[in-house]
Amino acid sequence: MTRSGKEYVEGLRDERRVFIDGEYVSDVANHPAFKGAVESIARVYDMANDPENAVVLTYPSPTTGAPVNLSYLIPRDEDDLRRRRVALRRTAEMTLGLMGRGPEHVAGFLAGWAGRPDVFAAGGRRFADNVTRFYEHVRDNDLYCSYAIIPPQIDRSKPAHQQADPHLYAGVKEEREDGIVIAGAQMLGTGAAISDYLILSCIVPLQPGDEDQAISVAVPLGARGLKIYSRRGYAEAAPSVFDYPLTSRFDETDSLIVFDDVFVPWERVFVFRDRQITSDQWNRTPAHLLGNNQAQIRFSVKLDLLAGLAMRVAQMNGSDKFPPVRGTLGELAAHASMVLGLVYAQEQNCEIDEHGVAWPGRAECFAAMTLQSDFYPKLLHLVRDLCGGGVIQLPSSAADFGNAEARADFERYVQSPGYPSAERVKLLKLVWDMVGSEFASRHQQYEMFYAGAPFLVRSRMSQVYDFDRAGKLVDRALAGYGLE
Ligand SMILES: Cc1cc2nc3c(=O)[nH]c(=O)nc-3n(C[C@H](O)[C@H](O)[C@H](O)COP(=O)(O)OP(=O)(O)OC[C@H]3O[C@@H](n4cnc5c(N)ncnc54)[C@H](O)[C@@H]3O)c2cc1C
């Protein structure tokens, strides 16, 4: 059953320990660092909960028959992937492609796991059942899961078990009859502070001896001993929507997650001290592809916004007909079109596995991930290039318009044909929040790293590309001639 935004917000009132600016926050929904993001997520919930959107955004739960969010769909064919894309695009448009880890992101990972319980059964039947039951629980209750699957950057030259303390990276500290106790930390829980469940696992290769870290578990955010250390809340320093229209509403926040002896009952354990299955859950299920397919759908919305902003600024400044400006606009449009095209291609080139689950096209998904870490910073640069000093030469805040003398000057000097002062300032402040603010800068880092360090993504691309097909062309090119 889908939830309303109000029900989502009510669900955040628990014993969670979110730490920011030197203190624990008891009510994230009303704290200035998180409030805007919570309200945005609540709107996303409301949209899917609206019966008018049910056809596009939901499907009947196979267990209850009630409408559940399409992000949880286990795709069986190309058409399912297409339906999923339409729903995910609508969802991403609600937040302008600026919330990378909304509820729909980890939902895709869980759908991928639930589509292949056999992978988890390799560790024992109960683990497969745990995955299936947890997936059904979050799907049928429309819960929001975030995840932390990267060990903190302490000493990258050593595996987990060789760190100065074996419990620096989150892992098993104690095995009990009723469950396990987790100690250590994991990064970087985007959206964790405002979600319902955190998935803790590890996606980076683990070495022999790292078995304690070879786990996959789900923990409610209110679990005893769980600590969520948020980075600076950009929204807190940007209370005015007019001055920071994106920061104030879409800063999903990122957190270091500390497990201070957190107890996890067996029913929430999916992988236990098994390096092979920890790796297989990403590679032998479609989880990673479904999660990243959603990420690309979301990214294509963001690129459309970026291209749209560039065009609007050029039109406002009267530069949109200059050939070099058209060229810049064309380059932005080309990247937006390429990512969208790769999203479509992931559907068309999907593979149906022996369990009847559709995996989005691997090479197309990795191609987008590989290229975006390089080109996203470049696209920001292109938009900055188009804007010149306009994004800087702006009133200090919306309050400036409250002074009659200043307002008269802005209306005379900070305007463009068809754009009275307040309209021009509004557009350029939006652009600055997209390309230049601290929020924008964090987004640059996000698009570079959310799918893993770029060198790793590139290397994985080389594994999923069909080099046999390419090699045949090399053979053809070499055939039929020689030294003679
Ligand atoms: C904004 C943001 C949000 C994120 N959200 C989440 C989230 O919600 N959940 C989550 O689990 N993770 C999240 N991440 C973490 C993300 O998955 C990691 O940042 C990513 O996997 C890279 O790992 P790392 O940051 O530890 O970088 P590292 O692995 O330490 O790499 C950093 C750089 O060091 C160099 N380097 C490191 N190791 C090697 C090597 N072996 N060979 C060559 N060069 C090397 C490379 O230049 C590399 O780019 C987020 C990250 C960011 C930036």
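Is K321 buried or exposed? In this predicted model, K321 is exposed, with a relative accessible area of 66%. Its side chain meets that of D320 in a salt bridge, with an N to O distance of 3.0 Å. D320, by contrast, counts as buried, at 10% relative accessibility, because the limit for a buried residue is under 20%.

Side chains of opposite charge can pair when their charged atoms come close. Across the whole structure, 33 salt bridges are found. One of them joins R275 and E211 at 3.1 Å, N to O. R275 belongs to helix 9 (residues 275-283), whereas E211 lies in the loop between strand 8 and strand 9 (216-220), so the pair ties together parts that are 64 residues apart in sequence. Both partners are partly exposed, R275 at 29% relative accessibility and E211 at 23%. A salt bridge is also formed by R273 and D212, whose closest N and O atoms are 2.9 Å apart. Here R273 is placed in the loop between strand 12 (269-271) and helix 9, and D212 in the loop between strand 8 and strand 9, so this contact ties together parts 61 residues apart in sequence. R273 is partly exposed at 38% relative accessibility, as is D212 at 23%. In addition, a network of salt bridges links R231, D251, E252, D254 and R442.

Aromatic contacts were examined next. A pair of aromatic rings is described by the distance of the centres and the angle of the planes. The search of the whole structure yields 19 aromatic pairs. Among them is the edge-to-face pair of F19 and Y229, with 5.4 Å from centre to centre and 65° between the planes. This pair links distant parts of the chain, since F19 is in strand 1 (residues 18-20) and Y229 in strand 10 (residues 226-230), 210 residues apart. F19 counts as partly exposed at 22% relative accessibility, and Y229 is likewise partly exposed, at 27%. One aromatic cluster is formed by F109, W113, F120, F134, Y147, Y197, F270 and W282. Charged groups are also placed over rings: R17 lies over the face of Y24, 3.9 Å from the ring centre, and the charged end of R298 sits over the ring of Y450, at 5.7 Å from its centre.

Strand 11 (residues 255-265) pairs with strand 7 (residues 179-186) in the antiparallel sense over seven bridges. Strand 11 is also joined to strand 10 by five bridges, again antiparallel. F259 in strand 11 is the bridge partner of G184 and also of L226.

Several backbone features depart from the usual pattern. Most residues other than glycine have a negative phi, and most peptide bonds are trans. D261, which lies in strand 11, has a positive phi of about 55° although it is not a glycine. D261 is partly exposed, at 38% relative accessibility. D142 also has a positive phi, near 55°, and is located in the loop between helix 7 (125-141) and strand 5 (145-148). D142 is buried, with a relative accessible area of 3%. A cis peptide bond, with omega about -5°, joins M187 and L188; L188 is in the loop between strand 7 and strand 8 (197-200).

At the surface, V474, L478 and Y481 make a nonpolar patch of about 330 Å². Of these residues, L478 is in helix 17 (residues 467-478).

Notes
Residues numbered from 1 in each chain as written. Predicted model: local features only at pLDDT ≥ 70, side-chain atom pairs only at ≥ 80, totals over all residues. Heavy atoms only, no water. Patch = residues over 30% accessible without salt bridge, like charges linked within 9 Å, V, L, I, M, F, W, Y side chains within 5 Å. Areas by Shrake-Rupley, 256 points an atom, 1.4 Å probe, with all protein chains shown as cover. Salt bridge = Lys/Arg side-chain N within 4 Å of Asp/Glu carboxyl O. Helix = DSSP H or I, 4+ residues; strand = E, 2+ residues; numbered from the N terminus. Phe/Tyr/Trp six-rings, centres within 6.5 Å; stacked < 30°, edge-to-face > 60°. Buried < 20%, exposed > 50% of the residue type's maximum accessible area, 1.4 Å probe, protein only. Lys NZ or Arg CZ within 6 Å of the ring centre and 35° of its normal. Pairing = 2+ DSSP bridges.
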